[in-house]
Amino acid sequence: MGMKIVIAGAGDMGYHLAEQLSFDNKDIVLIDTDKDVLDNVASHLDVLTIVGDSTSLEVLKNANVQDAAMLMAVTTSEKTNIVTAALAKQLGAKRVIARVRTHDYLLPDHEVYFNQIGIDNIISPTMLCSSEIKRMLKNSSFTDVFEFEEGKLNVVGITLDQYSTLVNKKISDMSTNPIFEDIRIIAIVRGQMTIIPRGNTIIRNNDHVFFISNKKAVESILDLLGQKKVTVTNVMIIGGDDMAYATALKLEKEYRVTLIHKDKERCKWLSERLDNTLVINGDYKNIELLIEEGLEEMQAFISVTESSETNIITSLTAKNHGVYKAIAHVDTREYIHISHSIGVDSLINKKLVAANQITRFLRKGNVEAVSGIHGVDAEFIQYVITKNNRVTRKSLKDLHFPDTAIVAGVIRGDEVFIPDGDFMLQIDDKTIVLALPTAKTALEKLFH
């Protein structure tokens, strides 16, 4: 069997982690107190389940934590997670990660306390999510932005409308445009389907297209598409829980933020802690109220209430009232796939964001980092070329790459390449591959 991983907590986050990792034939054990939840997971994924409290030594021993390369404690209880992770480390788990809620746990100088009790990483889905929202606003023309190597390479996603210059064109006909030396289309999401483009792929209206580019070329993607660039200054946030608070805290330094929440006491609490955010107590489902509070002057609208449905509906309403960028937090996995097709610009799901972060801690050997894209079935995998083998002896087009994968970018020292078919890989190249799950076995063979 592969690497052994123990996950405590079979909620959304535990489920998503187990799902991401079971693609890689890892040996996964899932612990939860709820038997029904475990049975449901076991019927979908190839994992071993144990019913019990993960803070119990007996339960941890039954899960063979002592042989685990990693234990992730991601139950909804912060205290359970901290105790589980600390005990697992004592029992011999190599690396342990605990999911936490409390803001001050995450302060850089507090991490040392957790390290002293044996916890390697603490992770807060809420904080990761608010950082992600901030990043989306910074690059507001795009629905998704990924950075590799501190931004030497960027991957951006954008939904094309019928006015876009690329619609109904074939990829091979576009490549004559000199702009395509520094950018390339690496994936297209059409409805529920993820397409890795080939030369004869034709781009359609409403396609959600992902480009990779080097630093200086991000602007030229906007020129190429003829999309207008809007600067975000006014932001409206609806919701008042932890996520709304963390997001307002991050954004209020750079943007004019208005936050609307329905609970009066909580609004008091928020206005005491937020310096530059205008906090308003009112019913955010009432569109008249949102308009009175300046909805039509906003460039961005962020809906992070506890109801996914409310978040989607209000985001669509905001778009209808001329707001340029709408970001909705969505809890339900099913909704994530439909979001782009119904017109919400960016959907965010804190458990997916956190699971992506955790799987990054996991990759060993040649695979450096993996990240997934919301609603896209492909993920990025980084390989480092360590020895001379056939990948360094042939050009990319002669390597018989699987159809469902593409070499998106190559980093060689300080140089960044967006390779074409004639490109030759060299030792020490960092290679970023975008792959659908079916391509993984073939890629392992090529890059091992």
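This report walks through two sheets, a few helices and one loop residue in a predicted model.

## The six-stranded parallel sheet

Let's start with the open sheet of 6 strands, which pair in parallel and follow the order 3-2-1-4-5-6. Strand 3 (48-51) and strand 6 (121-123) sit at the edges; each has a single partner strand, so one side of each has no neighbour in the sheet. Going from one strand to the next, the twist averages 15 degrees.

Two of the pairings are worth a look. Strand 2 (residues 27-32) runs parallel to strand 3, with 4 bridges between them, and I31 stands opposite I50 in strand 3. Strand 4 (residues 70-73) and strand 5 (residues 95-99) also pair in the parallel sense, over 4 bridges, and here L71 faces V96 in strand 5. Strand 5 is mostly covered, with 4 of its 5 residues buried.

What packs on this sheet? Helix 4 (residues 78-91) does, touching strand 1 (4-8), strand 4 and strand 5. The direction of helix 4 makes about 175 degrees with that of strand 5.

## The five-stranded antiparallel sheet

The other sheet is open as well, but its 5 strands pair in the antiparallel sense, in the order 7-8-11-9-10. Its edges are strand 7 (144-148) and strand 10 (193-195), and each of them pairs on one side only. Ignoring direction, neighbouring strands in this sheet are turned by 20 degrees against each other on average.

At the strand 7 edge, 5 bridges tie strand 7 to strand 8 (residues 153-159), and the two run antiparallel. E147 stands opposite N154 in strand 8. This sheet has a helix packed on it too: helix 8 (residues 218-225) touches strand 8, strand 9 (183-190) and strand 11 (208-214). Compare the direction of helix 8 with that of strand 11 and you get an angle of about 140 degrees.

## Helices 9 and 10

Next, a helix pair. The axes of helix 9 (residues 242-251) and helix 10 (residues 264-273) come within 11 Å and cross at roughly 25 degrees. Helix 9 and helix 10 are therefore roughly parallel to each other, since angles under 35 degrees count as such. Helix 9 passes helix 10 in a right-handed crossing.

Which residues meet where these helices come together? On the helix 9 side they are D242, Y245 and L249. Helix 10 supplies R266, W269, L270 and R273.

## E293 in its loop

E293 lies in the loop between helix 11 (287-292) and strand 15 (300-303). Is this residue buried or exposed? Neither, as it turns out: E293 has a relative accessible area of 26%, so it is partly exposed.

Leaving out neighbours within four places in sequence, E293 is in contact with M236, T258, I260, I280 and M298. As for L259, that residue is 34 residues from E293 along the chain, and their C-alpha atoms are separated by 9.7 Å.

## Helix 12

Last stop: helix 12 (residues 308-320). How far should its 13 residues span? At 1.5 Å a residue the expected figure is 18 Å, and the end C-alpha atoms are 19 Å apart, which agrees.

Several helix 12 residues are buried: S308, T310, N311, I312, T314, S315, T317 and A318. After helix 12 comes G322, with a positive phi near 85 degrees.

Definitions and conventions. Residues numbered from 1 in each chain as written. Predicted model: local features only at pLDDT ≥ 70, side-chain atom pairs only at ≥ 80, totals over all residues. Heavy atoms only, no water. Expected span 1.5 Å × (residues − 1). Buried < 20%, exposed > 50% of the residue type's maximum accessible area, 1.4 Å probe, protein only. Pairing = 2+ DSSP bridges. Axes fitted to C-alpha atoms, helices over the stretch in contact; angles between N-to-C directions. Contact = heavy atoms within 4.5 Å. Parallel < 35°, antiparallel > 145°, perpendicular 65-115°, else oblique. Left-handed = near helix turned anticlockwise from the far one by under 90°.
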